[in-house]
Amino acid sequence: MILVLLGPPGVGKGTQGELVAGERGWRRIATGDLLRVAVRGGTELGRRAKCYMDAGELVPDELIVAMVREALAGADADGVVFDGFPRTEAQAAALDEVLDGLRRPVDRVLVFEAPEPVVVRRLSGRRSCPSCGAVYNVYLAPPREDERCERCGSELARRSDDEPETVRRRLAVYREETAPLIAYYERRGAEVLRVAADGTVEEVRCRVREALGRTGSSTAAARSRRAGHL
Ligand code: AP5
């Protein structure tokens, strides 16, 4: 299964993507996480990406596509969950090209939807662990010990792009650049399913399971619809 998660910042793609990948033993490729690792590591990619990320803008397609190609090399898992990628039509076309080479189309696209005030509140309360990457929310899923990671004890940090002004820009970029991919995948014959992403993590997890439960014949149908485009 090749699964793409779409949705605005803060809607819960990372949270649900981890759960899906963990439950099924699938590989999760989250471009935001990969970029933050590169920034922390001070690599050439990280240095080039940082100013775009801090401004809430998209990192240029060529950098992202090269990074994803590298992440995919040797990925032989049954399933791959793309979280935060693709974000532009050029990235979607590049992904199609790579997957064509592997004879594996995008089977399913989950579009997470929630009212804007819900995602803004989630982002304002998000705290992440700089050491192990665990994600918390001071309002909605607080750590047991104030501002400390439950997994490794490190002090939690707020993401620099979760400041209100940057969040507004990220939401606008999503509407302009990424939301049109919903129509892109519909045209390509992938199975596009909308998931109501308000409610608790567990409620959304159930909706995701339901959306993914309809595998088998629908996946085969998506493959054959897609084959018509090749
Ligand atoms: P990225 O890291 O991908 O950020 P994003 O897409 O803006 O998504 P977020 O990580 O902010 O939110 P999410 O939907 O994953 O929500 P989460 O599960 O964390 O990208 C960051 C930047 O990198 C971009 O702005 C860009 O600059 C660059 N970039 C990345 N990919 C790129 C690409 N392909 N092309 C170009 N540039 C790229 O949840 C949010 C919070 O809510 C958490 O605190 C969580 O605990 C909480 N929460 C989640 N679900 C629930 C729930 N159901 N109930 C209560 N709380 C919840």
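**Reading the ligand site and α6**

Modeller: In this predicted model, α6 has V119, R122, L123 and G125 as its buried residues.

Colleague: Why are these residues of α6 called buried?

Modeller: Buried means under 20% relative accessible area. V119, R122, L123 and G125 are listed as buried, so each falls under that cut-off.

Colleague: What do the buried residues of α6 pack against?

Modeller: Their partners are β5 (126-128), β6 and α7 (164-178).

Colleague: Which elements each supply at least two residues of the shell around the ligand?

Modeller: α6 (116-125) does, and so do α1 (13-24), α2 (31-41), β6 (135-137) and α9 (201-213). The most comes from α2, with four residues.

Colleague: Which residues come nearest to the ligand?

Modeller: Of the 35 around the ligand, T15, E57, R87, R126 and R170 come nearest.

Colleague: What makes the pair between T31 and the ligand a polar contact?

Modeller: A side-chain N or O atom of T31 is 2.8 Å from a ligand nitrogen. The cut-off is 3.5 Å, so the pair qualifies.

Colleague: How do you know that V11 and G199 make polar contacts with the ligand?

Modeller: Apply that limit of 3.5 Å again. A backbone N or O atom of V11 lies 3.3 Å from a ligand oxygen. For G199, a backbone N or O atom lies 2.9 Å from a ligand nitrogen. Both pairs are therefore polar contacts.

Colleague: How much of the ligand's accessible area does the protein cover?

Modeller: The protein covers 95% of the 1,000 Å² that the ligand has on its own.

Colleague: What classes of residue form the shell around the ligand?

Modeller: The shell has 15 nonpolar, 11 polar and nine charged residues.

Terms used
Residues numbered from 1 in each chain as written. Predicted model: local features only at pLDDT ≥ 70, side-chain atom pairs only at ≥ 80, totals over all residues. Heavy atoms only, no water. Near = heavy atom within 4 Å. Polar contact = N/O pair within 3.5 Å; in protein donor to acceptor, adjacent residues only side chain to side chain. Areas by Shrake-Rupley, 256 points an atom, 1.4 Å probe, with all protein chains shown as cover. Nonpolar A, V, L, I, M, F, W, Y, C, P; charged D, E, K, R; others polar. Buried < 20%, exposed > 50% of the residue type's maximum accessible area, 1.4 Å probe, protein only. Contact = heavy atoms within 4.5 Å.
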